[in-house]
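Colleague: Please take a close look at the ligand site. Then say how the helices close by in your list are arranged.

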Amino acid sequence: MDKNIRICIVGGGPAGLSAGMYLEQKGYENYTILERQDRVGGKCWSPHYNGRRYEMGAIMGVPSYYAVKDVEDFCGITHDGPKLNRNYKNAKGEVIEPFARTIGNIIKNPWMLKMKSQLKKFGELLETKYKGYDINGHRGVAEGRYEGYAVTPGREKVEGVNPNLKDLAMPFKQFCEMNGVPLVQKIWIGPFTSFGYGYFDEIPAGYVVKYLDYQTCMNFVKVNLWTWKEGTQYIWEQLNAHLKNPARLGSTIEKVERRDGKVYVTVNGQVEEYDKIIITAPLYIPGTRADGQKGMVDYFDAREDEKALFSKIDYERYDVQAVLTRPEDHPEISYYVFDNMVPEKLGHLMVYYRRWKDQIDQVITTYALRKHKNSKEIPYEECRKMVLDDLKTMHNPASNVVNEWSVYYFPHVFSDDYAAGWYDKVEAMQGKYDTFYAGEVMSFGDMDETAEYSRELVDRFF
Ligand SMILES: Cc1cc2nc3c(=O)[nH]c(=O)nc-3n(C[C@H](O)[C@H](O)[C@H](O)COP(=O)(O)OP(=O)(O)OC[C@H]3O[C@@H](n4cnc5c(N)ncnc54)[C@H](O)[C@@H]3O)c2cc1C
């Protein structure tokens, strides 16, 4: 492709900014990043409180975040944040040890031994029966193929045929049961459901194991995690500051028209002409959202195939509150409440995070899901109240809510569409209307999978 083409990138989150970085590294310098908000980072949002930054969005990474490491190297920064520590409580607010780490506990909980053996079996199955499962993105999976970069420090290009990969379309619960390893869900649920990625009886296994590949999940178990002192938003602020063309903040895109090999973008009342457009912002949002976010199909001259495919996308209703407590009510550590990570406890507090161990006058953040296929969606206000009541039950009542948001979180498709080749159909449309689709739905809703997808997209098409 001609290195001088004019490329418009919609969205200044991890996907959009890293697309800019990879394009620039490949010699494409004529790109423009349009960001609708007055800050970059998207769901990496780290506001200030009392001299420090807390996390309303992304919190952590793992050592296999190779694309995030690319960004760190590009900017000369590193993961220098506070160590994550956690403990566990039951729904009654009592501190518990769910994983029976001592011999005495293991004797009292024989299922632990079973779980350990299923964990080992699961690791082996992923490497053998499901070879190719951890490649970034979902291209080929429904056809029993894999093609992309391995999740290794060298990120070798790999491809192959593996019909077993088709199993990844089924919900993770069914996938585990079919493979005789149902107890691994007890481990995977921690960094999955409580992190807002939905329930195992409805989310296709492909999403679960691509994000939580075996190595990544074990890093969560061993708390071998990265954080950033100035918050995850800092990663993207730094990247933005190091790009030749930083994002144009406050860009309201009114209209996008694609005709005669050109892309016309009406932004803040002015029409701009581009040759290609990469969209990392939401492709489709069912219903309306209080924050006014819209899907691409609402402001692009969306074609019938785009509308038909993107209307299959749903997302998680994941709510975050930042609260203060009285000093005597402050939790000594972050807590996971496994009892509340099941659909029957929809809307309840699943995790609360104390980020700054050395300072009490700081916020803690709470996390809850309020949508599941078999239940009525819990209204935002109701869920907010449930979480505040739960904090009382946990003996850490909030004195004040200082920040809150209901996130457009983890866009994905469900098993039927995944199995019917949704991803291969969308991948086949890449470039068709001078348009490329990137961002969370194309891979997974975490910083690294989205940035890695942008790397691959640039590598494949530019
Ligand atoms: C509570 C929470 C916890 C999380 N924890 C982690 C974690 O620990 N680790 C991890 O790796 N990830 C985590 N994530 C997920 C991670 O933040 C996201 O997956 C990642 O930010 C996705 O990047 P993106 O660029 O695809 O999308 P986004 O971050 O959503 O960025 C999209 C950008 O596009 C902009 N935009 C939207 N519409 C338009 C438009 N019409 N025009 C112009 N711009 C537009 C948005 O304002 C935004 O800046 C968490 C997220 C949340 C909310």
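Modeller: Four elements each give at least two residues to the shell around the ligand: helix 1 (14–25), strand 13 (314–324), strand 17 (400–412) and helix 15 (447–461). Keep in mind that this is a predicted model. The shell around the ligand divides into 20 nonpolar, eleven polar and five charged residues. Of the 36 residues around the ligand, five come nearest. They are Glu35, Lys43, Met60, Tyr65 and Glu440.

Now the backbone. A backbone N or O atom of Arg36 sits 3.2 Å from a ligand nitrogen atom. Ile59 places a backbone N or O atom 3.1 Å from an oxygen atom of the ligand. For Asp446, a backbone N or O atom also lies 3.1 Å from a ligand oxygen atom. How much of the ligand does the protein bury? Taken alone, the ligand exposes 990 Å², and the protein buries 95% of that.

Next, a helix pair. Helix 2 covers residues 66–75, and helix 9 covers residues 232–242. Their axes come within 9 Å. The axes cross at roughly 50°, so helix 2 is oblique to helix 9. What is the hand of the crossing in which helix 2 passes helix 9? The crossing is left-handed.

To recap the site: the protein buries 95% of the area that the ligand exposes when taken alone. Backbone atoms of Arg36, Ile59 and Asp446 lie at the distances given above.

How values were computed. Residues numbered from 1 in each chain as written. Predicted model: local features only at pLDDT ≥ 70, side-chain atom pairs only at ≥ 80, totals over all residues. Heavy atoms only, no water. Near = heavy atom within 4 Å. Polar contact = N/O pair within 3.5 Å; in protein donor to acceptor, adjacent residues only side chain to side chain. Areas by Shrake-Rupley, 256 points an atom, 1.4 Å probe, with all protein chains shown as cover. Nonpolar A, V, L, I, M, F, W, Y, C, P; charged D, E, K, R; others polar. Axes fitted to C-alpha atoms, helices over the stretch in contact; angles between N-to-C directions. Parallel < 35°, antiparallel > 145°, perpendicular 65-115°, else oblique. Left-handed = near helix turned anticlockwise from the far one by under 90°.
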